[in-house]
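Work through the two exercises below. Keep the sequence and the model in view.

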Amino acid sequence: MLPTHPRRLAAACAAVTAAGALVFAGLPGAASASPSSPASPSSPSSPSSSRLSPAESAAVGKTSPGVLKAMQRDLGLTSAQAEARLVNEAEAGAVAGALHNALGRDFAGAWVHGTTSARLTVATTDAADVPAIEARGARAAVVGHSLTRLDAAKARLDRAAKRTATRDAPVWYVDVRSNAVVVRAVKTSAAKSLVAAAGVDSSLVRVERTSERPRPLYDLVGGEAYYMGGRCSIGFPITKGSQQGFATAGHCGRAGTATTGYNQVAQGTFQASVFPGNDMAWVATNTQWTATPYVKGQGGQRVGVGGSTQSPVGASICRSGSTTGWHCGTISQHNTSVTYPEGTISGVTRTTVCAEPGDSGGSYISGSQAQGVTSGGSGNCSSGGTTYHQPINPLLQRFALTLKTTGGGDPDPGEPEPGGTWAAGKVYAAGDTVTYGGSTYRCLQGHQAQPGWEPPNTPALWQRA
């Protein structure tokens, strides 16, 4: 594995902040002009500080050079812009999570934009929230529908899809940027039939015409190939207790399906699989195989996985696949539903990253943070395309798996347990509350907890309630 470049990252971050390009100056975890300001992050070298900035919590400094190079190539960025973008996106995720908690049912979504994601917009249904949003350094957008209402409408479409043909209206999602539920349809009549069957207020829905007919990418590889009659890809290495294995796409195999590795050596067996509905599975491997905290990057370089903090809409994301190699793009929407010939998949993330057969099941990563496993898509890497990934945190939670990470490990046995409900290895969603060391904390961004990410130390992930 090639070394990371923390000095270069630090210099880039300092330059961006000093120039005022980082719109989040003065926010928790962001650098401010005054070193004595309460908003200034504690110096990592300070012995009195244990709090990490959002960028440190997201392990931005450990991002693989391969990821940064792919971002430069596919997003048209310079090296400094790629590094600054990751820092800004980590800051934005923390601020958006805090405002989501503060605004409650008024919250209508958040997204980043700009070459380096230096602008965060937070939407609300109540104009009275604007000062609170702007006070956190974000731009405010007052809209007509809350995220809760749009999510509820989208859930009704999901339920209706179980009894309504959706092959000609294959994709629907909540689009926070346009404050609507979007249904992408080959035939407009199919979209209207789905909306009518769901009983959803048409004022919440926008229909977009598309020629896309997504399908699972079966013949695929993500980090490394594995075989089970066909070919698919390892998503992320995991453990379950002492058992080692990997997460992958559910459409690649059913429980009991045997696998062989990239070298055609006996490898393992599918333990559980969900498809359609979701697209998630995991394989337990035999003792010849060892789980590592890496995915295969450009030119075979190893990319370290630091955690599973979910990135916001608009953030950069890269995909590893043996067919097309490393490609990057941005996150278009979370919580998307897409209809394949085999049925509807819900809760996937829609991205602008291209993929082709041979890439399915593979790894999606933002910086050093695992995002999901390749499910399906349309288009290709010559003319461009759209892909969907099964988010990793619901997969880990569903099967009680622990992501293998570069910083993960057993807690120091010499350290006394502070007590509370927080636990390493547990998956937390935004809004979840825990206790730790006698205090209550609310989760800001979805992630799987690991040693070193205790609530008091990670303001990007937790806020004291």
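**Exercise 1. Find how much space the largest cavity holds, then describe its lining.**

Step 1. The largest cavity holds about 160 Å³ of space. A cavity is a set of points on a 1 Å grid over the protein atoms alone where a 1.4 Å probe fits but cannot get out. The volume is the space filled by probe spheres set on the points, which are joined across faces, edges and corners.

Step 2. Count the cavities of 30 Å³ or more: there are three.

Step 3. List the lining, meaning residues with an atom within 4 Å of a point. The largest cavity has 15 lining residues; Ala58, Leu86, Glu89, Ala90 and Ser311 lie nearest its centre.

Step 4. Assign the main contributor. Helix α4 (residues 79-103) gives the most to this lining, with three residues. Helices are DSSP runs of H or I, at least four residues, and strands are runs of E, at least two, numbered from the N terminus.

Step 5. Sort the lining residues: five are nonpolar, nine polar and one charged.

The model is predicted; local features need pLDDT of at least 70, side-chain atom pairs count only at pLDDT 80 or more, and totals for chains, interfaces and linings use all residues. Numbering starts from 1 along each chain as its sequence is written, and side-chain values use heavy atoms, without hydrogens and water.

**Exercise 2. Lay out the three-stranded sheet.**

Step 1. The sheet is open, ordered β1-β2-β3, with mixed pairing. Pairing takes at least two DSSP bridges between two strands.

Step 2. β1 (107-113) and β3 (139-142) each have a single partner strand, so one side of each lacks a neighbour in the sheet.

Step 3. β1 pairs with β2 (residues 119-124) in the antiparallel sense, over five bridges. Phe107 has Thr124 in β2 as its bridge partner.

Conventions:
1 Å grid on protein atoms, 1.4 Å probe; cavity = no way out; pocket = protein on both sides within 12 Å on 5 of 7 lines; lining within 4 Å. Nonpolar A, V, L, I, M, F, W, Y, C, P; charged D, E, K, R; others polar.
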